[in-house]
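Please open the structure in your viewer and keep the selection tool at hand. The stops below say what to select next and what is there.

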Amino acid sequence: MAFFRAAICAALLLSGTITSLAAQDVTLSSPDGAVEITGNLLGFDGEYYRVDTKFGELTVDGSGVSCDGPGCPSLSDYVAEITLSGSSTMAEVLLPALIEGFALRNGYQTRRDPLPGDNFEYVLLRGDRPAARFDFFVSNTDEGFADLLADEADIVMALREIRPAEREHAQAAGMGDMTGPSRSRVLALDAMVPLVSPENPVQRISLPQLVAILSGEITNWSELGGADAPISLHLPVEGSGLAQAVEDKLLAPAKATLMPDLRRHDRHSTMVRMVATDPFALAIGSFANTGTARALTLTGPCGFSLRATRRSIKTEDYPLTSPMFLYLPERRLPKVARDFLSYVRGPGAQIVIRRAGFVDQAPERVSIAAQGDRLANAIEAAGPEVDLEELQRLTSTLRGLQRLTTSFRFEPGSTRPDAQSRSNIEQLGRALEAGIYDSHRLLFVGFSDGVGPAETNRKIAIKRANAVRDAVAAAAETANLDRVEIDVAAFGEALPMACDDSAWGREVNRRVEVWVR
């Protein structure tokens, strides 16, 4: 019978649920009574039963069966429960704003109730009856992953990528590959920015100088052209995603360790207020919440400079971009949770993200006329290997096109796209499926760093452009790509974004851009 086959197939998928019930006897029967499944009810998500039977664990569509026994849930009283754990930065502003937007769009009323500690829950109501509860356990990224691995959370709020050990533990626990497209997603973008008081005369800082301050090699502002005064260093609390991103993106590549003499803060807002009023303080903070503090511009010895802006963060041209992740286990979430996760990818959610002070992921178009600084950098960096003819080829190829803020970069020492780029591949694939680029031309343009011969770098860049194009085409499963003109081009090291004399500069320069007409 179709019902029985569906039950067996669902069992093979081993899909889980969010609502765990005490194991109790139930009998699930097909409408004609010909098939019965008896066992202990392990969970119910409003649509599917999960039952431990003599055949093993089965997941059964509730619309095709009737339930009998002391363990059967009340369908009319069912309330979906979703637990989110992790980053306080995401829990304080971003996720509540998105839940409010989701509720407004879907006709729910909302009620926010406090829970012990700094935790809280959002209740979605239909009239006066609860339909869903979003429980927030507010801590840091480390705790979020720990709760997920302990099966005490359904969604992790993370300010960094999952680390290799966490990924291995999740796979061992049957949660799947947490870096896969359905297990992790970028919700919004933020960036790490060096913050100082408005009274501090220093305007710029290089990443090597920033690492030297973090490691204790530079301790006085006079070494940066400022006052003869000791630098007071401030960072978020240990275990927070932002603090760990500092370790992963700044200290680890330089093989440096963090100096012990610094001040930690549980709340980002407290850290920002303290730095803003101390002319000798420096903090690594969030672009989304700089308060009255001032962000320093990043610079390099070759003269290039990069400032954190919405556009430079969205394109990942700013080197310290920090994606904000949601991580999901390989189990079925309640329908309201799946609907919410679909909503946060849509255009309405991007407006909410932007209004909340974070960088959204809606693609924007940048004309070649707005590329003045980049073209000036290219002319300044030109030499024997990148001559005037190559720059003329670049400008003639891109003339009349606009650059999308959707860019692609790669994991260090790898051809695998980084986490943000994997999200961008999915995003562009969905846009192609929706027909947004029908009758358009998409040009995937590869660039490289300046290490090695220019011709070799052009060949590497074209391979990357082809790889990204193919990945996007594969992600656009239902798109009619005959309606879109898709090409590739490469210019190697001809359009650098940063200095090549540091690892972060070379990483920024290795990229694939998308230009559209």
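Begin by selecting Pro 198, which sits in the loop between strand 11 and strand 12 (204–206); helices (H or I, at least four residues) and strands (E, at least two) are DSSP runs, numbered from the N terminus. This is a predicted model, in which local features need pLDDT of at least 70 and side-chain atom pairs count only at pLDDT 80 or more, while totals for chains, interfaces and linings use all residues. Residues are numbered from 1 along each chain as its sequence is written, and side-chain values use heavy atoms, with hydrogens and water left out.

Pro 198 counts as partly exposed because its relative accessibility is 48%, given that buried means under 20% relative accessible area, exposed over 50%, and partly exposed in between (1.4 Å probe, protein chains only). Add Arg 294 to the selection: Pro 198 and Arg 294 are 96 residues apart in sequence, yet their C-alpha atoms are 5.6 Å apart in space.

**Two further pairs**

Go next to Pro 301, in the loop between strand 17 (297–299) and strand 18 (305–306), where a relative accessible area of 68% makes Pro 301 exposed. If you draw a C-alpha to C-alpha distance from Pro 301 to Leu 391, the viewer should span 23 Å, for two residues that are 90 apart in sequence.

Then select Gly 39 in strand 2 (residues 36–44), which counts as buried at 10% relative accessibility. Val 51 is 12 residues away from Gly 39 along the chain, and the C-alpha atoms of the two are separated by 5.9 Å.

**Helix 8 and the loop after it**

Lys 314 is found in helix 8 and, although its side chain is a charged one by class, Lys 314 counts as buried, at 4% relative accessibility. The C-alpha atoms of Lys 314 and Glu 223 are separated by 32 Å, with their positions 91 residues apart along the chain.

Move on to Glu 316, placed in the loop between helix 8 (310–314) and strand 19. Glu 316 has a phi near 65°, a positive value in a residue other than glycine, and counts as buried at 10% relative accessibility.

Asp 151 offers a second case of a positive phi in a residue other than glycine, here near 60°. Asp 151 lies in the loop between helix 3 (141–149) and strand 10 (155–158), and is exposed, with a relative accessible area of 51%.

**Helices 3 and 4**

With helix 3 on screen, add helix 4 (residues 164–172): the axes of the two come within 10 Å and cross at roughly 15°, where axes are lines fitted to C-alpha atoms, for helices over the stretch in contact, and angles run from 0 to 180 degrees between N-to-C directions. Helix 3 and helix 4 are therefore roughly parallel to each other, a term for angles under 35 degrees.

**Helix 5**

Now select helix 5 (residues 207–215), which is largely enclosed by the rest of the structure because 7 of its 9 residues are buried. Among the buried residues of helix 5 are Leu 207, Leu 210, Val 211 and Ser 215. Just after helix 5, Gly 216 takes a positive phi of about 90°.

**The largest cavity**

How many cavities of 30 Å³ or more are there? The count comes to 3, where a cavity is a set of points, on a 1 Å grid over the protein atoms alone, where a 1.4 Å probe fits but cannot get out, and lining residues have an atom within 4 Å of a point. The largest cavity has a volume of about 70 Å³, a volume being the space filled by probe spheres set on the points.

To display the lining of the largest cavity, select Thr 89, Leu 159, Asp 190, Ala 191, Met 192, Gly 241, Leu 242, His 268, Ser 286, Ser 322 and Met 324. Strand 11 (184–196), helix 6 (241–254) and strand 19 (321–327) are the elements that give two or more residues to this lining, and strand 11 provides the largest share, 3 residues. By class, the lining has 5 nonpolar, 5 polar and 1 charged residues.

Conventions. On a 1 Å grid over the protein atoms alone, a cavity is a set of points where a 1.4 Å probe fits but cannot get out, and a pocket is an open set with protein on both sides within 12 Å along at least five of seven lines; lining residues have an atom within 4 Å of a point. Angles under 35 degrees count as roughly parallel, over 145 as roughly antiparallel, 65 to 115 as roughly perpendicular and the rest as oblique.
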